[in-house]
Amino acid sequence: MIATALIAGGGAAGAAASILLARAGVAVDLVEATPDVGAAGSGITLQGNALRVFRELGVLDAILAHGYAFDEVGLRSPDGTVLAVIPDARTGGQDLPATVGMPRAVMATLLLEQAGAAGAKVRTGTRVTEVHPDGRATLDDGTSGSWDLVVAADGLNSGIRCGLGITTTPEPVGMGIWRVFTTRPDSITRTDLTYGGAAYIAGYCPTGEDSIYAYLVERATDRTGLDPEDRLATMRGLAAHYGGPWTEIRERMTDADRVNYTWFTHHLVDGPWHRGRVVLVGDAAHSCPPTLAQGAAMALEDASVLVDELTGHDATEAALTAYADRRRERAGAVVAGSVQLARWLLDADPAADVPGLMGRTSALLAQRP
């Protein structure tokens, strides 16, 4: 078993790995580039398999207290008419909610606080600038050191992944998503989805007693020239095509700083997920569009499986190989399914089997990783 670890990135994967490694007696240094993880961000949808890992991390009660739990999903027409209300799959087990929505920044803060409580040394506003496969690393504050393991949890555009010579990079799917974080109308008590109309998908998720995040998915468009007020106006204009709760959501969309726009991308590192003593987790290893709402869940599962393999092997090389072997098929199935849903929408495919894909995915996620 390793004695020391450097975790590069304090998101879901990095914080979870820090908690579990510190509990196992490893001296953990966690560095996160963002100075204040609780200062920004939209909302996040967390399904049962993510909640299962939160229970393992000891933060489930806090997640449930700060989030908004629900067990069904609604389908609406563009004018707001409810077409169906469907029980959501409880992929974490029958004793857990199907889904919890919460502010992303709150989740990040809870995880980093738990990492510190477990014994990890947490530094924010600090970035890893150079990593060697033998575990040596340099930080942007000028310090350097050597660790038994370096966990690259530095996200979608991982600098560590690139520095290791792994050439896999995220590829656009062809869709862009508008997100807004705002106050919750009383009528919103679950996720409702509308497929079609002015956007491919119009949806929202309650994230607390007084908050939601809402999103609109369009064909990928270059929006880089828009200032914050232009982004707000563009999203409000798109939202105006939808009725029901969207009418009230649109009225509450007043803060331009709470609107953001990104493209859907995907990738999956083919081959080993480590080089020497450096291993990829979460978005550094794989990413998917949020059509299955599994990004954070996959990152959390990565951390759980990685530490399970490290504590079960004497040799680090064997543990890291076993970790990737155990994760690749499951993460790959989620990436493929998420991309397939997006492409069916882009192509308006009349043969799309969305219920079948969702059913197969839920059955997979209900199994422990």
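These notes cover the cavity, one helix face and the salt bridges of a predicted model.

1. Cavity. The search of the whole structure returns one cavity of 30 Å³ or more. The largest cavity holds about 50 Å³ of space.

2. Cavity lining. Fourteen residues line the largest cavity, and those nearest its centre are Arg76, Thr194, Tyr204, Gly243 and Trp246. By class, the lining divides into seven nonpolar, five polar and two charged residues. At least two lining residues come from each of β14 (191–195), β15 (201–208) and α7 (245–252).

3. Helix α7. Pro245, Trp246 and Ile249 are the buried residues to note in α7. Viewed down the helix axis, the buried residues of α7 fall within an arc of 95 degrees, so they line one face of the helix. Their packing partners are β5 (72–76), β15, β16 (211–219) and α6 (228–239). Trp246 is also among the residues nearest the centre of the largest cavity.

4. Salt bridges overall. The count comes to 16 salt bridges. Side chains of opposite charge can pair when their charged atoms come close. Three of the pairs are described below, followed by a network.

5. Arg90 and Asp71. The closest N and O atoms of this salt bridge are 3.1 Å apart. Arg90 sits in the loop between β6 (82–87) and β7 (99–103), and Asp71 in the loop between β4 (68–70) and β5, so the pair ties together parts that are 19 residues apart in sequence. Arg90 is partly exposed at 28% relative accessibility, and Asp71 is partly exposed at 33%.

6. Glu209 and Arg184. Here the closest N and O atoms of the salt bridge are 3.7 Å apart. Glu209 belongs to the loop between β15 and β16 and Arg184 to the loop between β13 (171–182) and β14; the two are 25 residues apart, and the pair links distant parts of the chain. Glu209 is exposed, with 61% relative accessibility, whereas Arg184 is buried, with a relative accessible area of 9%.

7. Asp308 and Arg326. These side chains form a salt bridge with an N to O distance of 2.8 Å. Asp308 is in helix α8 (residues 295–312) and Arg326 in helix α9 (residues 316–347), so the pair ties together parts that are 18 residues apart in sequence. Asp308 is partly exposed at 40% relative accessibility, as is Arg326 at 30%.

8. Network. Glu72, Arg76, Arg190 and Asp192 are joined into one network by salt bridges that share partners. Arg76 also appears among the residues nearest the centre of the largest cavity.

Terms used. Residues are numbered from 1 along each chain as its sequence is written. This is a predicted model: local features need pLDDT of at least 70, side-chain atom pairs count only at pLDDT 80 or more; totals for chains, interfaces and linings use all residues. Side-chain values use heavy atoms; hydrogens and water are left out. On a 1 Å grid over the protein atoms alone, a cavity is a set of points where a 1.4 Å probe fits but cannot get out, and a pocket is an open set with protein on both sides within 12 Å along at least five of seven lines; lining residues have an atom within 4 Å of a point. Grid points are joined across faces, edges and corners, and a volume is the space filled by probe spheres set on the points. Helices (H or I, at least four residues) and strands (E, at least two) are DSSP runs, numbered from the N terminus. Ala, Val, Leu, Ile, Met, Phe, Trp, Tyr, Cys and Pro count as nonpolar, Asp, Glu, Lys and Arg as charged, and the others, Gly among them, as polar. Buried means under 20% relative accessible area, exposed over 50%, partly exposed in between (1.4 Å probe, protein chains only). The arc is that of the directions from the helix axis to the C-beta atoms. Contact means heavy atoms within 4.5 Å. A salt bridge is a side-chain nitrogen of Lys or Arg within 4 Å of a carboxyl oxygen of Asp or Glu.
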